[in-house]
Amino acid sequence: MTLVSFARRSRVAPRRRDGLFTVAAGVLAVIAATAAIAAVVPFAGDPDAIVGPRLSPPSARWPFGTDALGRSLLARVLEGAGTTLLVSIAAVTATAVVSTLLGMVAGYCGGPLREAVTRLGDVLYAFPSIVLAVLVAAVVGPGLACAVAAIVLVTVPLMTRMITAAAASVAERDFVTTAKISAVPAPVILGRHVLSNIGGTIAVQGTYALSVGILVEGGMSFLGYGVQPPQSSLGSLIQQGGAYMAHAPWLLFTPALVLVLAILSINLIGDTLRDRLEPRETRSLG
Amino acid sequence: MLRWIAGRVVSAAVTLLGISLLIFVAVRLMPGGYEDVILGPLAGPEQRAAVAARFGLDQPVFVQFFLWLGALVRGDLGISMVTQAPIVDELALRLPLTTLLAAMSLTVTLLVGVPLGVLTAVRGGGGRGGAAGRLLSAIGISLPEFVLGSVVIYVFSRYALGLRIGGFATGASGSGAAFQALILPALVLSVFSVAATARTTRDAVLGVLVEPHIAAAIGRGESPWHIVRHHVLRNIGIPVLTLLGSVVAYLLGGAVIVESLFNISGLGSYMVSALGRRDFGVVQATVLFTAAAFVVVSLLTELASGLLDPRVATTRKGVR
């Protein structure tokens, strides 16, 4: 295939990945729905109850096998997936709100305010995410709230930077200037004109932030700074499963597979959203 | 140009100052003081006061901050509370391993990630191949290190595949042994950065391909690879360089999980074990080193971008 034919094809790029997007959305929906249902109606059994022999392999009775204490791994993975998703979604919602407010105001106002926000973001951005997360855990103590706080701190800098840039470019557009000349108050301009034009950026960055959030929660739990036993998250299950990998590899592989599927689905959804909501020139020229 | 460079350097310095302040405050906020770490819970008040005086803990907090900053500037990172050895020496012992690990991963990233990105942009843009490429690159950035690392350890400890897990050597015991022990961890670390680099390179190439001068080159009848070599590669330098900068910074400080998993006594595992033992001086020093490495590498890539493309330096908007 030559460059010319590539350039022509790229015009229809957004439609092409519908299949991948559908599968990703379906997988994520199944994981989220089963975890949510299990939290309300424990159809897979009590995740903390000892139901059988220890370390028994997957069977008809225990579809995912049992763990080192004889608890049903299926119930624990469902609980863990629920914890992981809940923590990440809560944190990323907070991130989206904070980043949108900060980024919009900074991008619209520009000047020293934008400089200050950028500088603060740079300071936080300089810490590798897992280092920042572990530092937060060391200060506030491990646990659920700490995982949420850590994810927010890790995801806010990048999302704010992206939203600031998007808001700044919207603020230069003619309709914003017109609104300013017509003496429309700044909050109204921000809410009506700027916000509605950076919605795509918020959706895309929020999706990517969600996958980072799950990654960070997993990493923290893996190092022992996330949720504490007996509560489980996918990260803590993987960490515990690692200890028994020689005798009971399903303890490692099952939660790991669920975690990777969740992150992968979210990233694929993010890719599609990016192509749809933030069409770049790369796609529009032939 | 000189003014721009000076501006970048000053702004990096400001960021560094902010980072050091943040780390200092975070460490002070951690539960359990230096006295508890050194003396344990049974010490009397006068013993605690003696330790506090020895480490300057009886001074006001902002004086402590500037004392620490002053010592930093002189290259004195303090001593470890647990081993009582100077932190600089312990860091010097661990840095070579982390650096070797980073260099190995970066080599893989450069050799695989960049060509892969160019190839997928030019060749596999459409059809089934394109979807497979996108799926693979998405898998690459979706595999957490602790999952990939655990699986690698499982596979290589279960089946004899030529590479040994564990039996790890420290930086002091010969680079040959260290190199061999670092192959698997380096590969685990590379998966993410290869995928991320391939994605960025691909986007950059796609961005260049639509420019008018490419259309002109196609019109002149130049062959695709001639176009790639002469018109595309020279124009994707900046985004790729920026990404590689953050990969380097990440590898230098962020290999915390891989180092813990593979028992590599490098910088990352030093930091985590220090946190576990509440060895605050070490935590301060290692986190600062990591963040400072990021800032310095970012500054260098930014300056290099300015050299590659003077437009970056003249229009303020060109920067990030």
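**Figure 1. Chain B in the predicted model.** Among the contacts in chain B between residues at least 6 apart in sequence, 74% join residues at least 24 apart, in a model that is predicted. The secondary structure of chain B amounts to 15 helices and zero strands, and of the 320 residues in chain B, 42% are buried. As for confidence, the mean pLDDT of chain B is 80, with 88% of its residues reaching 70 or more, while the model as a whole scores ipTM 0.82 and pTM 0.84.

**Figure 2. The loop around Asn263(B).** This view is centred on Asn263(B), which is placed in the loop between helix 12 (256–261) and helix 13 (267–276) of chain B. The phi angle of Asn263(B) is near 55 degrees, which is a positive value in a residue other than glycine. Because 13 other C-beta atoms lie within 10 Å of Asn263(B), a count that falls between the limits of 12 or fewer for exposed and 20 or more for buried, Asn263(B) is classed as partly exposed.

**Figure 3. Chain A and its helices.** Chain A has 13 helices and zero strands, so that its elements, read from the N terminus on, run α-α-α-α-α-α-α-α-α-α-α-α-α. Taken along the principal axes, the box filled by the C-alpha atoms of chain A is roughly 75 × 55 × 35 Å. Of the 286 residues in chain A, buried residues make up 52%, and among contacts in this chain between residues at least 6 apart in sequence, 70% join residues at least 24 apart.

**Figure 4. The loop around Ala183(A).** Here the close-up shows Ala183(A), whose place is in the loop between helix 8 (174–181) and helix 9 (186–197) of chain A. Although Ala183(A) is not a glycine, it has a positive phi of about 60 degrees. Ala183(A) counts as exposed because it has 6 C-beta neighbours inside 10 Å, where the cut-off for an exposed residue is 12 or fewer.

**Figure 5. The packing of helix 11 against helix 12 in chain A.** Helix 11 (residues 234–243) of chain A and helix 12 (residues 250–277) of chain A have axes 7 Å apart and pack at an angle of about 155 degrees. Because angles over 145 degrees count as roughly antiparallel, helix 11 of chain A is roughly antiparallel to helix 12 of chain A. The crossing of helix 11 of chain A and helix 12 of chain A is left-handed. On the side of helix 11 of chain A, the residues that meet helix 12 of chain A are Leu234(A), Leu237(A), Ile238(A), Gln240(A), Gly241(A) and Gly242(A), and the residues they meet in helix 12 of chain A are Leu251(A), Leu252(A), Pro255(A), Ala256(A), Val258(A) and Leu259(A). By residue class, this contact of helix 11 of chain A with helix 12 of chain A divides into nine nonpolar, three polar and no charged residues.

**Figure 6. The contact between chain A and chain B.** The contact draws 44 residues from chain A and 47 residues from chain B. On the side of chain A that touches chain B, the elements giving two or more residues include helix 1 (3–9), helix 5 (111–125), helix 6 (129–140) and helix 10 (199–223) of chain A, together with helix 11, helix 12 and helix 13 (281–284) of chain A. Helix 12 of chain A gives the most to this side, with nine residues. The residues of the side of chain A that touches chain B divide into 30 nonpolar, seven polar and seven charged.

Technical notes
Residues numbered from 1 in each chain as written. Chains lettered and ligands numbered in written order. Predicted model: local features only at pLDDT ≥ 70, side-chain atom pairs only at ≥ 80, totals over all residues. Axes fitted to C-alpha atoms, helices over the stretch in contact; angles between N-to-C directions. Helix = DSSP H or I, 4+ residues; strand = E, 2+ residues; numbered from the N terminus. Parallel < 35°, antiparallel > 145°, perpendicular 65-115°, else oblique. Left-handed = near helix turned anticlockwise from the far one by under 90°. Contact = placed C-beta atoms within 7 Å. Nonpolar A, V, L, I, M, F, W, Y, C, P; charged D, E, K, R; others polar. pLDDT = per-residue confidence, 0-100.
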